Amino acid sequence: MNTITKPTILFVDDEERILRSLVMAFRAHYRVLSATEGHQALEMLANEDIDVLISDQRMPRMSGVEVLRGARDISPATMRILLTGYSDLAGIVGSINDGEIFRYVQKPWRLEELRDTIAEAAAVAQSSRSNTVATAVGVIPAHAAIIVLDRSPELAMVLKDSPLASRVRRAHTLEQAMTVMASEPVALLITDISLNGEDISPSLGVLKQQQPDLVTVVVTAFQDTGHLIRLINQAQVYRVLPRPTGRNMFLRSVESALKHHDLLKKRPAMLRRHSVEKSRDESLVSRIRNYLDRVRDPAAPVQG
Amino acid sequence: MESGCRAPSEAFPMSHLPLARLTIPVHPLTPSIPVSTVADLFLSDRCRDLLCLPIVRDGHLVGTISRYTIMRIFLQHFGRELYGQKPVERFMNKSPIQIEQSMDVEEASLLVRSTLTLPITEDFAITEKGRYVGMGVVLSLLEVMEHKIAHRSEALARANHQLKSSQAQLVQSEKMASLGQMVAGVAHEINTPLGYVRNNLELALDFMERTRGVIDSTDHLIETLLNPASPESQTHLALESAATEISSHQQDAVLDDMRTLFDDSLHGLQQITDLVADLRNFSRVDKSRMESANLNDCIESALNIGRNVIKHKADVEKYLADIPFVECSASQINQVLLNILTNAAQAIKGHGLISIYSGVEDDQVLIRICDNGCGMPETVKNRIFDPFFTTKPVGEGTGLGLAISFQIIEQHGGRIEVLSRENEGTEFRIYMPLRKAEELDTSQRQATA
Ligand SMILES: Nc1ncnc2c1ncn2[C@@H]1O[C@H](COP(=O)(O)OP(=O)(O)OP(=O)(O)O)[C@@H](O)[C@H]1O
Ligand SMILES: [Mg+2]
């Protein structure tokens, strides 16, 4: 019904020229608000329905990650995007773990890409706004598996000592992990980004595309900012933890990841909030899809 | 009676001890053996290398007889005739040098050296738990020692070299780390103006395309109007389409904003230009030479480069007086100021204030950089200029910032002072001399050294 209402978006940046430029670029299709400072932004979020929040990272007094984390509490329906020219590791990890952001966009941006990203985020926000009631779809398996895809045993061992023990499946290769995914419901994938010396982050993105309610926790010593940005935009990784990682922090992250998975199951409308940029690597997509089909199929007639 | 120099070596198993390796298993003499027999032995090939022979009773060394003593006896008139048949016991050295085989080479050589007389006339006897096992040659012992020392000093030289190069690496990695930080910071500073300049250009391009739409539709309208043959419906259509084009164009109101858009972009480009210039100022390679510089400019330049680290930690207040130029290497002074400003920002928990003053005091320029950060206790304050002293976590601080700064200011003939109070703040004072041109020569040589 409210087709004519423009979505509302809020830009936060301490450089007014950035704001001026962005307002001009978006005001034709959106109601555009802007704030030069974090507290002001949070106040706006508390008082208005805002569909998309786009924040800079490095600002005086309140960093972008802090603004995004605040926004998550004050206005969870608002989609969160970081727009920054400074890619420091702490900022990126914070934007994943605390900000739970939808996209990480680097300055200088391409206007067309930013338009697409914001349009997508706005569409998601508006659809989830009209869809806030929990709708249980199908049966939610309360004990969906947790795959630990890792060569070294520590992470699995921590879980084996916890009440989650019976849900843990260990895998040493991506194929083994996919075999598990094909044979039983999987809630959570815990993995490094480099497996046997190979970078598996593109595969994580494709897996997320294949099973949107799959929640991923990455535990890694690898500290490449470019990689982490791709993990946000292309794989919507839920948490990134340093390796070696503290037992408590790890368990806490696993718990909240499982809760997140349940939420995605209960409210499928939420899935769109974590949709990923489509992988451009067609061959990888089809390879993974084929593999999943192949392992799924032979099981079908037996149980069927 | 088998009395001679070298016994078969199996009888004296070699041990791993260094002195055992030096032990020559010389068959000992009995105290009663005649002097002339000893003289013959010394002449034999087997004892050629030995300066003296051991004399043993019941396994215990009782003395040694040296080649030198025998020589002295035989050199006397009728020496051989008078003493040749006397027992060697009468002429032996009753307190020879005895060394336990388990002793280490250094200790042994110390002992030997302390009893040594010139010319060297005696070797030393080697015992094991007090019992005689063989002889040792002083020269071989000293040779072993010499080797050892040479080896050690080589190892020392190597260690020294390694230390130096690892120190250099550390300095290098510190430079790289702060360079990395600086580059990341500057990248942000450049990406911000780049962000809006690019966006503005894309908007301008959009606008141009749409302006072309307006022009095309008005062109078409005019054509239709001027053509007497065009039917009224067509004229109407052209009029309508031109009107929509124009109105949508105006609705965006971009034309009014165009001015701002371009002004902003020019401003952004200027900012990028300044940053690139500042960066060049910072690279020491390009100038560590002395020049006439205004320290106020150095302050601005350091603030620009450090803005990223500083701005989210503190507000900056500047009280810069009109100060005369100072002869200095501006890039090095920039480095010092950046180090101090970075420290100030890092000392602040939450959001604080950094105040910078400049002025003249006597014949010096004084710069004061004050922060209201955590301050430091006396014990820390006394050490902050030490290389590698840091209170920051591993990986965050190398503790070289102030050490390098101190050195730079010293080379300029200036000095740095610190005032600090815990939990209240810290003030760094940099004094730079106002020097005359003729003094420049020497300082230049120092600073570039
Ligand atoms: N403004 C300040 N307030 C409080 N303490 C300071 C201040 N400036 C320096 N310090 C103390 O002096 C120490 C040495 O400073 P220095 O700049 O030499 O090394 P650093 O800052 O620890 O490491 P680096 O500069 O290599 O990153 C610091 O670790 C800190 O404890
Ligand atoms: Mg420092």
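Visitor: What makes helix α9 (residues 295-311) of chain B roughly antiparallel to β7(B)?

Guide: In this predicted model, helix α9 of chain B lies across β7, β9, β10 (364-371) and β12 (425-433) of chain B, and runs at about 175 degrees to β7(B). Since angles over 145 degrees count as roughly antiparallel, the value of about 175 degrees places α9(B) in that class with respect to β7(B).

Visitor: And what is helix α10 (residues 330-347) of chain B called relative to β10(B)?

Guide: Helix α10 of chain B, which lies across β9, β10 and β12 of chain B, runs at about 25 degrees to β10(B); with the limit for roughly parallel set at under 35 degrees, α10(B) is roughly parallel to β10(B).

Visitor: Why are β7 and β11 of chain B said to stand at the edges of the sheet?

Guide: The open sheet has 5 strands in the order β7-β9-β10-β12-β11 (chain B), with mixed pairing. β7 (314-320) and β11 (415-421) of chain B each have a single partner strand, so one side of each is left without a neighbour in the sheet. For β7(B), 7 bridges join it to β9 (residues 352-361) of chain B, and the two run parallel.

Visitor: Why is α2(B) called oblique to α3(B)?

Guide: Helix α2 (residues 35-43) and helix α3 (residues 67-75) of chain B pack at about 120 degrees, with their axes 10 Å apart. This angle lies outside the 65 to 115 degrees of the roughly perpendicular class and is not over 145, so α2(B) is oblique to α3(B). The residues of their contact divide into 7 nonpolar, 1 polar and 1 charged.

Key:
Residues are numbered from 1 along each chain as its sequence is written. Chains are lettered from A and ligands numbered from 1 in the order in which they are written. This is a predicted model: local features need pLDDT of at least 70, side-chain atom pairs count only at pLDDT 80 or more; totals for chains, interfaces and linings use all residues. Side-chain values use heavy atoms; hydrogens and water are left out. Axes are lines fitted to C-alpha atoms, for helices over the stretch in contact, and angles run from 0 to 180 degrees between N-to-C directions. Helices (H or I, at least four residues) and strands (E, at least two) are DSSP runs, numbered from the N terminus. Ala, Val, Leu, Ile, Met, Phe, Trp, Tyr, Cys and Pro count as nonpolar, Asp, Glu, Lys and Arg as charged, and the others, Gly among them, as polar. Two strands pair if DSSP finds at least two bridges between them. Contact means heavy atoms within 4.5 Å.
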